[in-house]
Amino acid sequence: IKHCFFSRKNGVSRGIYDSLNCGIGSHDNKENVLKNLELVSKKIGCERDLLITLNQKHSNKVIYFENKTDVKNKLHGDAIISRVKNVAIGILAADCAPILFYDPKTKIIACVHSGWKGALNGIIKNIVKKFNELNSKNEDLIAVIGPCIKKQNYEVKTDFFEKFISHDKKNVSFFEKINCEKYNFDLRSFINKEILNLNVKNIENIEIDTYSKKDFFYSYRRSHYNKEKDYGRCISVILMT
């Protein structure tokens, strides 16, 4: 297994996208993004055409690659699960959490894009359900949650809070009240809870805040706060050889 949560360093993009912007959906120069993806391919050790990402929609949809003929780039979804060797699967993020999964017994890998919407609507449950359909046992799964926005920088309003509470009153524990209209939300802790509730105990966290580490990570919220017109995306990749 090779895997990496890439930062924004060591790419060719310029300006607000400086420098390893891998978001083809951004308004960055497309040639620069393609060069960045080529750099990632070389680093992870696969052919450029075999670095596969999704057209992410904050959904709970899982894409499955059984064999090489299934492999297609930019399908609509927010998670990929794969048995295919030498094909790198990747997730793009700019504050949302990238999650990588591996089952060393069944030799299956997965990557998940989990913002609040995907997490609340079941993207994590759906990826673990797919592992189960492929004969993986939850206790064998390894999950790694990459850099994402930290609670202290994730300010939300009452309607956001109420979405989570109406789903499950216990979700109140992931919020810290600022005033009568605002809360701070702990995305990482919520995702950890979702994974633990599925009896996946082998969880690692790369506890880096994408919002405050501006030299290392893109951040949708930081760019919005700074009134920038757009933002780059970091890529997280896993490959089975």
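This section describes the pockets, the nonpolar cores and the cysteines of a predicted model.

The largest pocket has a volume of about 920 Å³. Its lining comprises 35 residues, and those lying nearest the pocket centre are His58, Ala94, Cys96, Tyr220 and Tyr231. Several secondary-structure elements give two or more residues to this lining: the strands E3 (54-55), E7 (88-93) and E11 (155-157), together with the helices H2 (116-121), H4 (158-167) and H6 (220-225). Of these, H6 gives the most, with 4 residues. By residue class, the lining of the largest pocket divides into 16 nonpolar, 10 polar and 9 charged residues.

The second largest pocket has a volume of about 190 Å³. Cys148, Ile149, Lys150, Lys151 and Gln152 are among the residues that line this pocket, as are Asp186, Arg188 and Ser189. The lining also includes Glu207, Ile208, Asp209 and Ser212. Here the division is 3 nonpolar, 3 polar and 6 charged residues.

In soluble globular proteins, nonpolar side chains tend to be buried together. In the present model, the largest nonpolar core has 37 residues. Within this core, the residues with the most contacts are Phe101, Ile127, Phe175, Phe185, Ile191 and Ile195. Helix H3, spanning residues 123-133, gives the most to the core, with 5 residues. The surroundings of Phe101 were examined with neighbours within four places in sequence left aside. On that basis, Phe101 is in contact with Ile108, Ile109, Ala110, Val112, Ile127, Val128, Phe131, Ile142, Ala143, Ile195 and Ile238. Two of these partners, Ile127 and Ile195, are themselves listed with Phe101 among the residues with the most contacts inside the core. A second core, separate from the largest one, has 19 residues, including Leu54, Val71, Val87 and Ile91.

A search of the whole structure for disulfides found 0. For Cys22, the closest cysteine sulfur belongs to Cys234 and lies 7.7 Å away, which is too far for a bond. A disulfide requires the two sulfur atoms to be within 2.5 Å, so the Cys22 and Cys234 pair does not qualify. Cys22 has a relative accessibility of 2% and therefore counts as buried. Cys148 is likewise in no disulfide. The nearest cysteine sulfur to that of Cys148 is found in Cys96, at 8.7 Å. Cys148 is buried as well, with a relative accessible area of 1%. Both members of this last pair also appear in pocket linings: Cys96 lies among the residues nearest the centre of the largest pocket, and Cys148 lines the second largest pocket.

Definitions and conventions
Residues are numbered from 1 along each chain as its sequence is written. This is a predicted model: local features need pLDDT of at least 70, side-chain atom pairs count only at pLDDT 80 or more; totals for chains, interfaces and linings use all residues. Side-chain values use heavy atoms; hydrogens and water are left out. Buried means under 20% relative accessible area, exposed over 50%, partly exposed in between (1.4 Å probe, protein chains only). On a 1 Å grid over the protein atoms alone, a cavity is a set of points where a 1.4 Å probe fits but cannot get out, and a pocket is an open set with protein on both sides within 12 Å along at least five of seven lines; lining residues have an atom within 4 Å of a point. Grid points are joined across faces, edges and corners, and a volume is the space filled by probe spheres set on the points. Ala, Val, Leu, Ile, Met, Phe, Trp, Tyr, Cys and Pro count as nonpolar, Asp, Glu, Lys and Arg as charged, and the others, Gly among them, as polar. A nonpolar core is a set of buried Ala, Val, Leu, Ile, Met, Phe, Trp, Tyr and Cys residues joined through side-chain atoms within 4.5 Å. Contact means heavy atoms within 4.5 Å.
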